[in-house]
Amino acid sequence: MSARLPEFTWDALEKVGALAAGHPDGVINLSIGTPVDPVPEVIQAALAAGADAPGYPLTAGTPRLRRAITDWVARTCRTPDREFGVLPTIGSKELVAWLPTLLGLGPGDVVAVPRICYPTYEDGARLAGAETVRADSLTALGPDNRVRLIWVNSPSNPTGQVLPATHLRKVVDWARERGAVVASDECYLPLGWTAEPVSALAPEVTGGSYAGVLAVHSLSKRSNLAGYRAGFVAGDPALVAELLKVRKHAGMIVPAPVQAAMVAALDDERHAAAQRERYARRREVLREAFAGAGFEIEQSDGGLYLWVTSGEDCWATVEWLARRGILAAPGAFYGPAGERHVRVALTESDEKIAAVPSRLA
């Protein structure tokens, strides 16, 4: 099966990573976007309290966790009712990678993804043996009735683009007419900066029905839980029930202590607000530094990254930054349309972020 997949994305950065690491003042890693701030104490305490868990956990999640997810979705995604299904996942990446397979897609089926996007959307299609089509508009998809799954991502990884509700509504209507599923990657939904993100579960998008719509969420960035692998999916109750049936057979279960930690994370908005403020401050420092160094910052209206360009091949820019001890992600990782951009993550310590302007000067 590995033959279906390309080289693992981040392995391609090893050489330039070594160059950045050779800087006399050390590397400033703005590439992969892994959280560096502490896990909030309220979450650590919940994890420890749930550590005595000798039995098998529930694939569907404990009743308390399902309620916490439902409450969070209702207030954050602004849903008018609670008629959607919910299911905890082992982070969001595993669901993204396996969703086409879990939905029964295979050879002859098409997965539509944005022109510039998180590479795991295409990896998931490859694992299922399906075909991928890159398109940002329904017109570009044409009349292809083989489309079974459409990925949308707002705010986008890597570009930070925020899609308006009108666009999302058109995608949902188009998919419903053809019996396709819309999967909305909303891992950065709480991080709108210059535009307000809208969930695909919001009534102005769904028209009052969750049919054919799934929203994927993660606590990795909101709550610094990348190491816990804590995510969930919400939406069409029938689709969520189908995912649950298959995941029970496959043993795709979130560990019980992590489920307890997720409850604490979802119930507490204070730590999330504090983390958002950290990212806002870091974003402003990086935005001014890159703009001052002559880079153009495009889109970047939300999410955890800046999408920047100097008008040259992305690998040339990545190397230029690496010689200054700054490691960024080449836009080519996210599709051919990203070959003249680099992605800059907000996930470094305040001290290292503060050092970026002088290195770019």
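**Two pockets in a predicted model**

The second largest pocket has a volume of about 440 Å³. The model that holds this pocket is predicted. Start here, then move on to the largest pocket.

Around the second largest pocket, 25 residues form the lining. Look for its centre beside Trp-72, Thr-76, Leu-189, Pro-190 and Leu-191, the lining residues that lie nearest to that point. Two helices help to build this wall. Both α3, spanning 63–76, and α11, spanning 270–292, supply at least two residues each. The largest share belongs to α11, which brings 5 residues to the lining. By class, the lining of the second largest pocket splits into 13 nonpolar, 4 polar and 8 charged residues.

Now turn to the largest pocket. About 960 Å³ of space lies inside this pocket. Its lining counts 39 residues. To find the centre, go to Trp-10, Lys-93, Tyr-118, Pro-119 and Thr-120, which lie nearest to it among the lining residues.

Helices take part in this lining too. At least two residues come from α4 (93–102), and at least two from α5 (120–128). The top contributor is α5, with 5 residues. What classes of residue make up the lining of the largest pocket? There are 19 nonpolar residues, 11 charged and 9 polar.

To see both sites on screen, pick one helix for each. Select α11 for the second largest pocket, where this helix gives the largest share of the lining. Select α5 for the largest pocket, where this helix gives the most.

Key: Residues numbered from 1 in each chain as written. Predicted model: local features only at pLDDT ≥ 70, side-chain atom pairs only at ≥ 80, totals over all residues. Heavy atoms only, no water. 1 Å grid on protein atoms, 1.4 Å probe; cavity = no way out; pocket = protein on both sides within 12 Å on 5 of 7 lines; lining within 4 Å. Points joined across faces, edges and corners; volume = space filled by probe spheres on them. Helix = DSSP H or I, 4+ residues; strand = E, 2+ residues; numbered from the N terminus. Nonpolar A, V, L, I, M, F, W, Y, C, P; charged D, E, K, R; others polar.
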